[in-house]
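This report describes the fold of one protein model, from its overall make-up to individual residues. The sequence and the structure are shown first.

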Amino acid sequence: MSVNDTAHTDNFSWNRQVYHRLKLALSLNLRRQLFLAVCDDLHLRNQVAARLHSTLAYPVGQVLYQPEDSLESSTPAYPRLATLRLNLSDPNPIAQINQWLTSYPPPVIGGSKDTPGRPLPIPAFQIVGVELLTKQPVAVQRLFLHYLRLSEEYLANQESNSFLESSLLLWVPRPWLSAIQQSAPQFWRCRTGVFLFAGEPTPTSHNGGYRERFAGSRSLDFDDFEPSLLEEAVAQAELKSAEDTELKFEDDFDFEAETAVETTPPPSVPISTSEILQIEGKQEAPLAISNNGNKLPPLPSLAHISKDLTELVLETINSKIIQDDEDISLAQQMLVEIEKLHSQQASGEVLSAAYHRLGNYYRLRIEQGQSNLENIMVAILAYQEAVTYHDTSPQLPDILNDLGTLYWMLYRTPPNSEEGQTYIEQGIEFYKLALKLISPQTNPETYARVQNNLGTAYGDLARFGNPAESWQQAVIAYNEALRYRTTAMEPLKYAACQNNLGTAYWHLGQYNQPVFNLKKAIAAYNLALAHYSPEYEPLKYGMIQNNIGTAYWNLAQYEQPGHHLKMAIDVYTDALKYRTPAAVPSGCAATQNNLGTAYWHLANLSQTTKEERHKYLKLCIAAYDEALALAHSLNPAVLSFDVLSTHNNLGLAHYQIATDQYFNADKKVRSQHLEAALDNHLQALNGLSKQPEAYQTTFSYIVKTVRAFHSELGIQGQNQALSKVPSHLLPEILPKI
């Protein structure tokens with residue numbers, strides 16, 4: 001194989017992966033998305049754009065709402081994806097979209113004498129032809145960028161415009177991507193995702209009537225299609241027809257999760273600590289089925305089932321995501337059963353139940369640990385079909401709740417980090433829709449579960465912006481859940497929700513009313529703690545004690561520092577009875593780290609006596625030593641605190657003891673403390689090369705410690721210190737001592 005062959009193989013694998021990500025992003029039918037697809041190879045661009053159009057424009061099962069009147073079964077379909085070529089004479093993408101919508105407004109489906117009917121959703125739009133602007137006058141090119149600059153204001157201020165209910169995919173070559181980044185920064189900031197395809201640039205003079213470059217080899221979607229579909233899609237004026245239903249709903253979820261939270265002292269104190277404040281929940285299981293796998297036997301035609309759903313189910317089987325013969329057979333039987341029901345023109349209730357069973361099957365697989373993208377998407381599509389065919393089902397609130405969980409899992413599943421905010425927001429919409437359908441008086445358990453999930457979703461949304469608002473919404477949701485999740489009905493779920501509420505209050509206290517919210521957090525944590533037995537739930541008991549300690553530590557920064565730091569130390573110490581090195585080493589290390597920080601702060605309070613200060617500093621050193629000993633034995637990925645900061649903190653504690661005039665130990669003991677301080681600062685400095693500010697702070701600690709060697713131990717002590725300093729640092733240190 002030549003070098004070129006290797007490159008082609010790598011490009012193929014990369015492009016196929018990018019194509020499937022792009023296809024998935026568009027197939028979710030989310031609103032207000034702005035995607036940029038970057039491709040220099042116009043043959044490849046046309047191939048991919050054509051494939052997207054042929055696959056997504058009229059997907060079976062996602063085109064029409066289920067007709068309520070059989071006389072309407074021949075209503076023309078409305079596309080889910082429209083392909084437009086940029087108008088070079090007036091290159092305004094949004095104006096083109098609005099013009100298209102004026103010509104082809106969404107038809108109203110399902111109307112009768114008693115009901116007004118429902119309009120079909122606005123399609124997504126993909127726009128091609130930007131590369132042709134290169135051959136246009138500079139004024140036209142600038143006009144295009146001007147329109148893009150206006151789009152950010154357009155999107156923000158014209159919320160009633162139908163374009164906002166859709167998604168836009170703009171195809172550009174790399175030079176135009178750079179131009180957009182530089183000349184239309186507002187438009188660039190509005191992007192939801194960027195999809196980069198690999199390929200050699202193609203001259204813009206040959207962008208039509210081409211033959212596919214690698215015809216007869218491989219296509220991105222494992223099946224052949226005609227490249228000329230793109231030209232047909234761009235030019236077509238008539239809409240195809242199809243018979244099936246379109247989905248309309250939102251997201252939901254019930255799950256158990258942990259949120260890592262860092263707490264840091266005031267800027268004047270060079271100490272930092274991190275903590276685990278956990279949010280808990282519980283997802284309820286559906287069917288009970290196992291896993292294993294082989295090849296799927298030949299299936300009959302599945303013409304009535306969504307192509308996307310069929311392809312994803314087959315992918316889970318053929319790629320051995322399912323690895324049990326019995327499960328393969330069951331997945332196959334479910335598809336065959338659904339196809340048979342379609343052929344028999346079964347009622348919507350019966351079809352909905354069949355899709356629901358398929359979704360439950362894949363949901364169970366996810367709960368058993370197989371939370372890959374394919375399983376999640378099958379469950380989402382199956383549940384959406386279930387909702388479509390029976391949108392008055394008594395199971396609808398539970399299905400919507402499960403859909404929310406699945407969208408939340410999409411956010412947690414690579415490579416969806418860029419679209420994470422969108423998925424969480426979609427999940428929140430599903431929860432809100434589910435709550436509209438639930439009476440808390442008649443279904444308090446379900447209502448509380450969805451409210452708990454809504455709170456957790458808002459907590460995750462806080463990572464993407466407006467954290468104060470998101471945590472405030474989380475507090476509201478958790479409090480609402482606790483109105484109906486009582487200790488008598490579900491004591492452990494009540495305790496988990498109180499812990500979640502405490503965590504939400506803690507976060508909110510970092511932005512608004514810190515004293516009020518931190519006290520609320522402590523109260524909620526204590527209510528949670530009352531329902532966990534240290535004998536039977538030692539890890540959760542220790543975790544909540546740890547959370548209480550962190551809240552007290554934080555509260556000490558605002559009022560009664562001595563009292564609240566001592567409270568923090570007491571609960572941290574109690575937590576360590578259960579967060580042992582053997583049971584949960586990473587949690588034990590985090591609590592020891594926080595305990596050391598609390599002792600350091602207590603030692604440095606103005607009201608602390610000299611005798612107490614020395615005692616607290618020794619306890620601080622002992623706690624930090626325990627934290628670091630555990631940390632260095634663990635994978636850094638499992639740690640929730642900054643080990644380098646802990647080394648610096650430990651160094652400062654040793655330095656303070658060695659230079660404290662109250663501490664009248666002999667020179668040998670002082671030398672030992674100064675050596676420990678220098679060793680820890682040097683270890684921290686070694687890991688801070690890519691953090692200039694932290695590096696300079698740590699370097700200043702080293703200089704100060706070397707000076708202390710001289711002042712405490714004389715020139716011999718200074719030489720001892722310099723012998724420990726790496727040679728490359730000496731030219732910078734010597735002039736400063």
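The text below moves from the whole chain to the sheet, then to helix pairs and single residues.

## Overall make-up

The model is predicted rather than determined by experiment. The protein holds 25 helices and 9 strands, and of its 737 residues 54% count as buried. Its accessible surface comes to about 32200 Å², of which 51% belongs to carbon and sulfur atoms. Among contacts between residues at least 6 apart in sequence, 74% join residues that are at least 24 apart.

## The parallel sheet

How are the strands of the sheet ordered? Five strands form an open sheet in the order E2-E5-E6-E1-E7, with parallel pairing. The edges are formed by E2 and by strand E7 (193-196), each of which pairs on one side only. From one strand to the next, the twist averages 20°.

Within this sheet, strand E6 (residues 167-172) is mostly covered, since 6 of its 6 residues are buried. In a regular strand the side chains alternate between the two faces of the sheet. In E6, Ser167, Leu169 and Trp171 point one way while Leu168, Leu170 and Val172 point the other way, and all of these residues are buried.

E6 has a partner in strand E1 (residues 33-38), with which it pairs in the parallel sense over 6 bridges; in this pairing Leu34 stands opposite Leu168 of E6. Strand E5 (residues 124-128) is also joined to E6, by 3 bridges and again in parallel, and here Gln126 has Leu169 of E6 as its bridge partner.

E5 in turn pairs with E2 in the parallel sense over 5 bridges. Two positions illustrate the register: the bridge partner of Leu81 in E5 is Ala124, and Leu84 stands opposite Ile127 in E5. Although E2 is an edge strand, 4 of the 5 residues of E2 (residues 81-85) are buried, so E2 is largely enclosed by the rest of the structure.

Helix H5 (residues 174-183) lies across E1, E6 and E7, and runs at about 120° to E6.

## Two helix pairs

Two packed helices are described by the angle between their axes and the distance between the axes. The table gives these values for two pairs.

| Helix pair | Angle between axes | Distance between axes |
|---|---|---|
| H12 (residues 396-412) and H13 (residues 420-436) | roughly 170° | within 8 Å |
| H23 (residues 667-686) and H24 (residues 692-724) | about 150° | 9 Å |

The axes of H12 and H13 cross at roughly 170°, and these two helices are therefore roughly antiparallel to each other. Their contact involves, among others, Pro397, Leu400, Leu403, Tyr407, Leu410 and Tyr411 of H12, together with residues of H13 including Gly420, Tyr423, Ile424, Phe430, Tyr431 and Leu433.

The angle of about 150° between H23 and H24 lies over the cut-off of 145 degrees, and H23 and H24 are therefore roughly antiparallel to each other as well. H23 passes H24 in a left-handed crossing.

## Single residues

Two glutamines have an unusual backbone setting in that each has a positive phi although it is not a glycine. For Gln345 the angle is about 55°, and this residue lies in the loop between helix H9 (325-343) and helix H10 (348-367), where Gln345 is exposed with a relative accessible area of 72%. For Gln513 the value is about 40°; this residue is found in the loop between helix H16 (491-509) and helix H17 (514-529), and at 55% relative accessibility Gln513 counts as exposed.

Is Leu602, by contrast, buried or exposed? Leu602 lies in helix H20 (residues 585-603) and has a relative accessible area of 3%, which is under the 20% cut-off, so this residue counts as buried. Leaving aside its neighbours within four places in sequence, Leu602 is in contact with Gly562, Leu565, Lys566, Ile569, Thr608 and Tyr616. Leu602 and Arg613, 11 residues apart in sequence, are 7.7 Å apart in space from C-alpha to C-alpha.

Technical notes. Residues are numbered from 1 along each chain as its sequence is written. This is a predicted model: local features need pLDDT of at least 70, side-chain atom pairs count only at pLDDT 80 or more; totals for chains, interfaces and linings use all residues. Side-chain values use heavy atoms; hydrogens and water are left out. Buried means under 20% relative accessible area, exposed over 50%, partly exposed in between (1.4 Å probe, protein chains only). Two strands pair if DSSP finds at least two bridges between them. Contact means heavy atoms within 4.5 Å. Accessible areas come from the Shrake-Rupley method with a 1.4 Å probe; for residues, only the protein chains shown count as cover. Axes are lines fitted to C-alpha atoms, for helices over the stretch in contact, and angles run from 0 to 180 degrees between N-to-C directions. Angles under 35 degrees count as roughly parallel, over 145 as roughly antiparallel, 65 to 115 as roughly perpendicular and the rest as oblique. A crossing is left-handed if the near helix is turned anticlockwise from the far one by less than a right angle, and right-handed if clockwise.
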